[in-house]
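Okay, thanks for coming, everyone. Let me put the model up, and then I'll walk you through a few spots in it.

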Amino acid sequence: MTEQAAADSRDVLLRVDNLVKYFPVRTAGFIQRTVGHVQAVDGVSLTIARGTTLGLVGETGSGKSTLARCIAGLIPATSGKVFFDGKDITNLPRRRMAPFRRDIQMIFQDPYGSLNPRRRVGAIIGDPFAVHKTVPAGERKRKVQDLMERVGLNPEHYNRFPAEFSGGQRQRIGVARALALQPKLIICDEPVSALDVSIQAQVLNLLADLQQDYGLTYLFIAHDLEVVRHVSVSVNVMYLGRICEAGPKNPVYETPRHPYTAALLSAAASADPEAAAARQRIILTGDIPSPIDPPSGCRFHPRCPKAQELCGIEEPPLEGKAGDAATHLTACHFPVAAGEKLATAGRREQA
Amino acid sequence: MSITELNWQAQTVEDLAGRTIEGRSQWQLTWRRLRRDKVSMASLAVIIAMILLAIFAPAFASLVHHPANTAYPIAGESAAGQPVAPGTNGFWLGTDDTGRDLMVRVFYGARISLFVGIVTTAIATVAGVAIGLIAGYFGGIVDTILARFTDAVLAFPYVVLALALAVVFGPSLTIIIAVISFFSWAGIARIVRGQTLSLKEKEYIEAARSIGAGPFRIMFVDILPNLLAPVLVLATLYIPSAVVFESTLSFLGLGIQPPTASWGNMLAAAQNFYQTAWWFVLFPALALLITTLAFNLLGDGIRDAMDPTTERLLAARRKARRGGAQ
């Protein structure tokens, strides 16, 4: 453990160990009975190396945002541990969490909902200074205007309201707020999914520049595979509260081993029409099952083209598969072989 | 989507259409709309006039040389001991049953009524906002206790309790203010709690938590500005009911005690004179009516000015009227 801790403090900024978040489902009324749990995150482990970006992909309802909120300490984890810079920050009370809040910041998905419509932009960006008192009140305006300039906003718009900005500009306001405390880790919860494609690129480039200039570490959550590929060093794929495939970006994208990853990649839009035409699409049937009553065994087995009896019985561990790099992990009993066609089980797209 | 957000979108559109694109706050825009509403402006003028009369009541008293509580048995009463009519012997609005200047006493009554109305509304608003915010934001057992307490206060037969308290503690200005405040905060608390419940789920509240803001900072810096609009409307409408409540207690003899002038106790004294001295009944009653009406109309006007949908309705109506005239 000491060896691991030492390694942690050197190059791993964030380590999540077997994190679980269940939301109780209660009956309505005065006396509430717990009748079940939404298993939003169920035993997720991941590490992020200092100064890199970990991409977290998965469809809606896979638990990505819940995981992000647990890591940021916005909601308490049911069990498991979160280590930041080698220190356990799981479920710390607010006051003891305060120093870590400076190091861990969030950028939110909705550029409209994440800014208070009644407050001026200068007050919103300067809020972290006011809360943590890192900058005396007299210097705040200048500091905020520096931040605005850094993220590509006109500092003269200091007194405007969020409603007077476009979606992309609003997301820059969110970035400026996250930068104010000079954090080490920024959790980006689908930061560009609400923006137009052209604006997405601007915001992604801004995030990349900031990473380079300040040595930031990102946990980048998205459901857009191409966006994640563009920004990430490594990628984790989540399905129904579990990680089904993890590893460096290239092996995961080029030789996906989990059928779910393969299906997601085959469904992604491609900028190259020839490649898109040549590609075989695996169409998943059915919806993502309810996290209140997830399937037994491998959670993907009811929708998996390769599922066999074992998949419904035994949960596959997240482990390295033969022929993969040591860091490429897959939770599957019957991983997809390189070049294997899933057309027999899935359906071919009609041209 | 709440009214306040709708408001915002409407404002943006208006700003784009307008000549200047500059940061106008919600308050500036509300004021612009309110200024165009003649009824609200007239009400505001009446309220300001009433406040000035109340403030300068002693000055009026010295102007006409009739202190409020001084009786003029010779000049102020007829030979039969009845009040004299308006305009008699320098009494512009006549006198009351003991020969005191009615105008000066009506102005002094405004001091009491407006003071009670504004002070109790201020206390009730502060208490109601604080309790509503705390109940709505913290939720759980805190909410259960506070919300049930609020319901209990709302369900109370307040006139009965007010009478009982006034009897037990003896009538005084302090008791009146305490009683009216105690029965006024609950309505505000309930509205604030409801708004807080919906506002606290907004992503910007989560953003505030993620930068490390504590619950009280979030309540007062992030949530409160978003519910000031409904609270302001509600407070404007609470002032007249507090004024009426004070007059009711004074009328029943459990509020402001003679010889201190209050519209309520003046009306009580005037009961026996409505056939012989109409002015004795009319002027205090008129003052009460005008004041409460002005506050109510202003409150309605502010509510309309803050709700952009009413403006669209008004514009549509204007357009229809113009179209009909052509």
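So, start with two helices in chain B: α2, residues 26-35, and α12, residues 278-306, whose axes come within 8 Å and cross at roughly 120 degrees. That angle makes α2(B) oblique to α12(B). As for the hand, α2(B) passes α12(B) in a right-handed crossing. And which residues meet there? On the α2(B) side you've got B:T30, B:R33 and B:L34, and on the α12(B) side B:G301, B:I302, B:A305 and B:M306. Before I go on, please keep in mind that this is a predicted model.

Let's zoom out to the rest of chain B. How many helices and strands does chain B have? There are 13 helices and zero strands, so if you read along the sequence, it's α after α from start to end. Chain B has 326 residues, and buried ones make up 41% of them. Now take the contacts in chain B between residues at least 6 apart in sequence: 70% of those join residues at least 24 apart.

Next, one tryptophan. B:W92 sits in the loop between α4 (57-63) and α5 (102-138) of chain B. Is B:W92 buried or partly exposed? It counts as partly exposed, because it has 14 C-beta neighbours inside 10 Å, and a residue needs 20 or more to be called buried. Leaving aside neighbours within four places in sequence, B:W92 is in contact with B:P86, B:G87 and B:M103. If you want a sense of distance, B:V168 is 76 residues from B:W92 along the chain, and their C-alpha atoms are separated by 39 Å.

Hold on to B:M103, since that residue turns up again when we get to the cores.

Okay, on to where the two chains touch. Chain A puts 26 residues into that contact and chain B puts in 20. On the chain B side, the elements giving two or more residues are α1 (3-17), α9 (203-210) and α10. The largest share of that side comes from α9(B), with seven residues.

Chain A, then. Chain A is divided into domain 1, which is 2-24 + 37-232, and domain 2, which is 257-351. Seven residues of domain 1 are in contact with seven residues of domain 2. On the domain 1 side, β2 (34-49) and α8 (225-231) of chain A are the elements that give two or more residues, and β2(A) has the largest share, three residues.

Last topic, the nonpolar cores. The largest one has 135 residues, and the members that touch the most other members are A:I71, A:A176, A:I187, A:L219 and A:F220. Which element gives the largest share of this core? That's helix α10 of chain B, residues 215-251, with 14 residues. From chain A, the core draws at least three residues from each of domain 1 and domain 2.

Let me pick out A:I187 from that list. Skipping neighbours within four places in sequence, A:I187 is in contact with A:A68, A:I71, A:A72, A:I104, A:M106 and A:L219. Two of those, A:I71 and A:L219, are also on the list of residues touching the most other core members.

There's a second, separate core too, with 25 residues, including B:A68, B:M103, B:M266 and B:A287. And there's B:M103 again, the contact of B:W92 from earlier.

Key
Residues numbered from 1 in each chain as written. Chains lettered and ligands numbered in written order. Predicted model: local features only at pLDDT ≥ 70, side-chain atom pairs only at ≥ 80, totals over all residues. Core = buried A, V, L, I, M, F, W, Y, C linked by C-beta atoms within 7 Å. Buried ≥ 20, exposed ≤ 12 C-beta atoms within 10 Å, placed from the backbone. Helix = DSSP H or I, 4+ residues; strand = E, 2+ residues; numbered from the N terminus. Domains from an automatic or database assignment. Contact = placed C-beta atoms within 7 Å. Axes fitted to C-alpha atoms, helices over the stretch in contact; angles between N-to-C directions. Parallel < 35°, antiparallel > 145°, perpendicular 65-115°, else oblique. Left-handed = near helix turned anticlockwise from the far one by under 90°.
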